[in-house]
Amino acid sequence: MVPVNAVLPTALAELLRRAPLTQEKVAFAWRQAAGASLDRVTMVELHNDVLRVRARDANWKREIERALPVLRPRLETILGEKTIRRIEVTIASA
């Protein structure tokens, strides 16, 4: 018997991958992948296949860039592997 808490994340990710790609879905995926702290200091937008992440300042930009190897697979789990070709991280005031 497989515990429900082992099946639920996989089932939810599969349902989300099948849902239409909207800005809300991208924002939800970012929130789930990055966590509350990074979500509060960023704005995200998917334009074509480029995820644009605007960080509050240079320190947060650096932290996001460091975390990209962890964040990208998490985003792909929700959005699908071929949804994001590139991730651009900039500073919001720039």
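**Figure 1. Thr83 in the loop between α4 and β3.** In this predicted model, Thr83 belongs to the loop that connects α4 with β3. With a relative accessible area of 17%, Thr83 is buried, because the cut-off for a buried residue is under 20%. A polar atom of the Thr83 side chain is 2.6 Å from the backbone oxygen of Leu79. Leaving aside residues up to four places away in sequence, Thr83 touches Leu21, Leu46 and Asp49. Of these, Leu46 is a residue of β1 whose side chain is buried.

**Figure 2. The hairpin of β1 and β2.** Strand β1 covers residues 42–47 and strand β2 residues 50–55; the two run antiparallel and are joined by six bridges. Two residues separate the strands of this hairpin. In the turn, Asn48 has a positive phi of about 55°. Three of the partnerships can be followed along the pair: Met43 is bridged to Arg54 in β2, Glu45 to Arg52, and Leu46 to Leu51.

**Figure 3. The two faces of β1.** Side chains alternate along β1. Thr42, Val44 and Leu46 point to one face and are buried. Met43, Glu45 and His47 point to the other face and are not buried. On the latter face, Glu45 has Arg52 of β2 as its bridge partner. On the buried face, Leu46 is bridged to Leu51 and is also touched by Thr83 from the loop between α4 and β3.

**Figure 4. Surroundings of Met43.** Met43 is a residue of strand β1. Its relative accessibility is 44%, so Met43 counts as partly exposed. Apart from residues up to four places away in sequence, Met43 touches Arg52, Val53, Arg54 and Ala92. Arg54 is also the bridge partner of Met43 in β2. Between the C-alpha atoms of Met43 and Ala27 the distance is 8.3 Å, with 16 residues of sequence separation.

**Figure 5. Pairing of β2 with β3 and the crossover between them.** Strand β3, residues 86–91, pairs with β2 in the parallel sense, over six bridges. In this pair, Ala55 has Ile91 of β3 as its bridge partner. The chain passes from β2 to β3 through helix α4, residues 58–79, and the resulting β-α-β crossover is right-handed.

**Figure 6. The sheet and the helices packed on it.** The three strands form an open sheet in the order β1-β2-β3, with mixed pairing. β1 and β3 are the edge strands, each pairing on one side only. On average, neighbouring strands of the sheet are turned by 20° against each other, direction ignored. Helix α2, residues 23–34, packs on the sheet and touches β1 and β2; the direction of α2 makes about 130° with that of β1. Helix α4 also packs on the sheet, touching β1, β2 and β3, and its direction makes about 160° with that of β3.

**Figure 7. Glu65 in helix α4.** Glu65 is located in helix α4. A relative accessible area of 36% makes Glu65 partly exposed. Glu65 and Val89 are 24 residues apart along the chain, and their C-alpha atoms are separated by 7.1 Å. The helix that holds Glu65 touches β1, β2 and β3.

**Figure 8. The chain as a whole, for orientation.** The chain contains four helices and three strands. Read from the N terminus, the elements follow the order α-α-α-β-β-α-β. Of the 94 residues, 30% are buried. Among contacts with a separation of 6 or more, 56% are between residues 24 or more positions apart. The exposed area of the chain is about 6,300 Å², and carbon and sulfur atoms supply 56% of it.

Notes: Residues are numbered from 1 along each chain as its sequence is written. This is a predicted model: local features need pLDDT of at least 70, side-chain atom pairs count only at pLDDT 80 or more; totals for chains, interfaces and linings use all residues. Side-chain values use heavy atoms; hydrogens and water are left out. Buried means under 20% relative accessible area, exposed over 50%, partly exposed in between (1.4 Å probe, protein chains only). Contact means heavy atoms within 4.5 Å. Accessible areas come from the Shrake-Rupley method with a 1.4 Å probe; for residues, only the protein chains shown count as cover. Two strands pair if DSSP finds at least two bridges between them. A crossover is right-handed if, with the strands pointing away from the viewer, the path from the first strand over the helix to the second runs clockwise. A polar contact is a pair of N or O atoms within 3.5 Å; within protein, one must be able to donate a hydrogen and the other to accept it, and residues adjacent in sequence count only if both atoms are side-chain atoms. Axes are lines fitted to C-alpha atoms, for helices over the stretch in contact, and angles run from 0 to 180 degrees between N-to-C directions.
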